[in-house]
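User: Hi! I'm new to reading protein structures and would like to understand the reasoning behind the labels. Could you take me through this one?

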Number of protein chains: 2
Amino acid sequence: MFHGNTKKIVVPNKREKEILLNQKGVSFWLTGLPGSGKTTIAKILEEELFNNNILAKLIDGDIIRSEINTDLGYSISDRTENIRRAATISKMFNDCGIVVINCFISPTQNIRSLAKEIIGSENFYEIFINCSLETCEQRDPKGMYKKARKGEVKNFTGISSIYEKPQKADLIIDTEQLSIEESVKKVFDFVVLKTNLKA
Amino acid sequence: MFHGNTKKIVVPNKREKEILLNQKGVSFWLTGLPGSGKTTIAKILEEELFNNNILAKLIDGDIIRSEINTDLGYSISDRTENIRRAATISKMFNDCGIVVINCFISPTQNIRSLAKEIIGSENFYEIFINCSLETCEQRDPKGMYKKARKGEVKNFTGISSIYEKPQKADLIIDTEQLSIEESVKKVFDFVVLKTNLKA
């Protein structure tokens, strides 16, 4: 036998890691149409949080697809599996005391509910990055709307695939009305509040 | 347009997060036969590291399989995909400054090379948890060797699937000779050295 001390092993739990980091390990799930501003907000947010000693991990749909989920496409069932794995990874980070900023179109209520269920409702905040389809299509930062209109991209959310607006988001950011700075500020204040270990 | 300040977004990088945490975000890859002692060592190690303010994430083969990789079996190609995803997740943690302790049988040189390539050779340390097949089979902590001998479990490493010993491990822990405490102490000292930001 692999002999030795038989005292019970106590692997450090989420709470203990949170105390070490002085923050709550929770996930902020940014949902919205392509071009609504999710990733832009998330990147500046991560920077601002870091400048305030809050350690966050940005988990972005595009990166998850190119690195982990190389086997998945854009059908609703593949989108669901994509979100299932991403949420599971988010939970791993939360369990380690890390704040997660998720950027996923996550177009349906079912998909977002699945993410919430996996991460745990007590650790999950849904943030709706709200912007009209018309404005998102005008912005078209990656030229994807243009391709979708031409039929060159299939299952494109807003054009050839549905987007169900969140009904009970914890926070709504209207990027048609707010500037980038104002949007980030609003999310930042919310995150600081929700990650405060003493609150 | 989503208007606002156009200054370049500077997402905090690995080094900056390491400085915040005062540790290097590197991975320690424990490989060895089933029953060699990988998970036992890893759990106590995580606890000891935490007691020394080193934040680590234990990523265990069994947990990854039951939570993320529910679609994968035990063929060599499924094992490879299992490791590919696990290594990618490890890299995500390392990029966030977190130390990762990996417990994976990871039976072939190819599989371990893949993990090293994904994580990055500068952030990867291979630790061979060495124990003879005979002793592992005697320990049989989960009763899996018994099942494998009866043919009830297929592709079982050591019995019906190969295990190639590492040729150039960064550290070898001989759990046939060392006690649990001695094994953990040896890995702990190695980890403290390799995660020291000032070294």
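Analyst: Happy to! Let's start with a term: a salt bridge is a side-chain nitrogen of Lys or Arg within 4 Å of a carboxyl oxygen of Asp or Glu. Please keep in mind that this is a predicted model.

User: What makes the pair B:Asp189 and B:Lys185 a salt bridge?

Analyst: The N to O distance between their side chains is 2.7 Å, and the cut-off is 4 Å, so the pair qualifies. Both residues sit in helix α8 of chain B, 4 residues apart, about one turn of the helix. B:Asp189 has a relative accessible area of 37% and B:Lys185 has 48%. Partly exposed covers the range between 20% and 50%, so that label fits both residues.

User: Where else does a salt bridge link residues of one helix, and how far apart are B:Lys91 and B:Asp95 in it?

Analyst: In helix α4 of chain B, B:Lys91 and B:Asp95 are 4 residues apart, about one helical turn. Their side chains meet at 3.1 Å, N to O, which is again within the 4 Å limit. B:Lys91, at 31% relative accessibility, counts as partly exposed, and so does B:Asp95 at 27%.

User: Why is the salt bridge of B:Lys17 and A:Glu46 said to join two chains?

Analyst: B:Lys17 lies in helix α1 of chain B and A:Glu46 in helix α2 of chain A, so the pair joins two chains. The N to O distance here is 2.7 Å. B:Lys17 has 3% relative accessibility and A:Glu46 has 4%; buried means under 20%, so both count as buried. B:Glu46 also forms a salt bridge with A:Lys17, with the closest N and O atoms 2.7 Å apart. Between chain B and chain A the count is 4 salt bridges, while the structure holds 24 over all chains.

User: How many residues take part where the chains meet, and what area is buried there?

Analyst: The contact takes 48 residues from chain B and 48 residues from chain A. The buried area is about 4500 Å², with carbon and sulfur atoms giving 69% of it. There are also 16 residue pairs in polar contact across this interface. On the side of chain B that touches chain A, the residues divide into 23 nonpolar, 11 polar and 14 charged.

User: How do you know whether B:Glu18 and B:Ser161 are buried or exposed?

Analyst: Compare each value with the 20% cut-off. B:Glu18 has 4% relative accessibility and B:Ser161 has 13%, both under 20%, so both are buried. B:Glu18 lies in helix α1 of chain B, and beyond its neighbours within four places in sequence, its contacts are B:Gln23, B:Lys24, B:Gly25, B:Gly97 and B:Leu197. B:Ser161 is in the loop between α7 and β5 of chain B. Leaving out residues up to four places away in sequence, B:Ser161 touches B:Arg79, B:Asn155 and B:Phe156.

User: Which residues touch the most other members of the largest nonpolar core?

Analyst: Among its 41 residues, they are A:Ile89, A:Phe93, A:Ile98, B:Ile89, B:Phe93 and B:Ile98. The elements giving two or more residues to this core are α4 and α5 of chain A, together with α4 and α5 of chain B. Setting aside neighbours within four places in sequence, the contacts of A:Phe93 include A:Ile59, A:Ile98 and A:Val100, and from chain B they include B:Met92 and B:Phe93.

How values were computed. Residues are numbered from 1 along each chain as its sequence is written. Chains are lettered from A and ligands numbered from 1 in the order in which they are written. This is a predicted model: local features need pLDDT of at least 70, side-chain atom pairs count only at pLDDT 80 or more; totals for chains, interfaces and linings use all residues. Side-chain values use heavy atoms; hydrogens and water are left out. A nonpolar core is a set of buried Ala, Val, Leu, Ile, Met, Phe, Trp, Tyr and Cys residues joined through side-chain atoms within 4.5 Å. Buried means under 20% relative accessible area, exposed over 50%, partly exposed in between (1.4 Å probe, protein chains only). Contact means heavy atoms within 4.5 Å. Buried area is the accessible area (1.4 Å probe) that two parts lose on being put together, summed over both. A polar contact is a pair of N or O atoms within 3.5 Å; within protein, one must be able to donate a hydrogen and the other to accept it, and residues adjacent in sequence count only if both atoms are side-chain atoms. Ala, Val, Leu, Ile, Met, Phe, Trp, Tyr, Cys and Pro count as nonpolar, Asp, Glu, Lys and Arg as charged, and the others, Gly among them, as polar.
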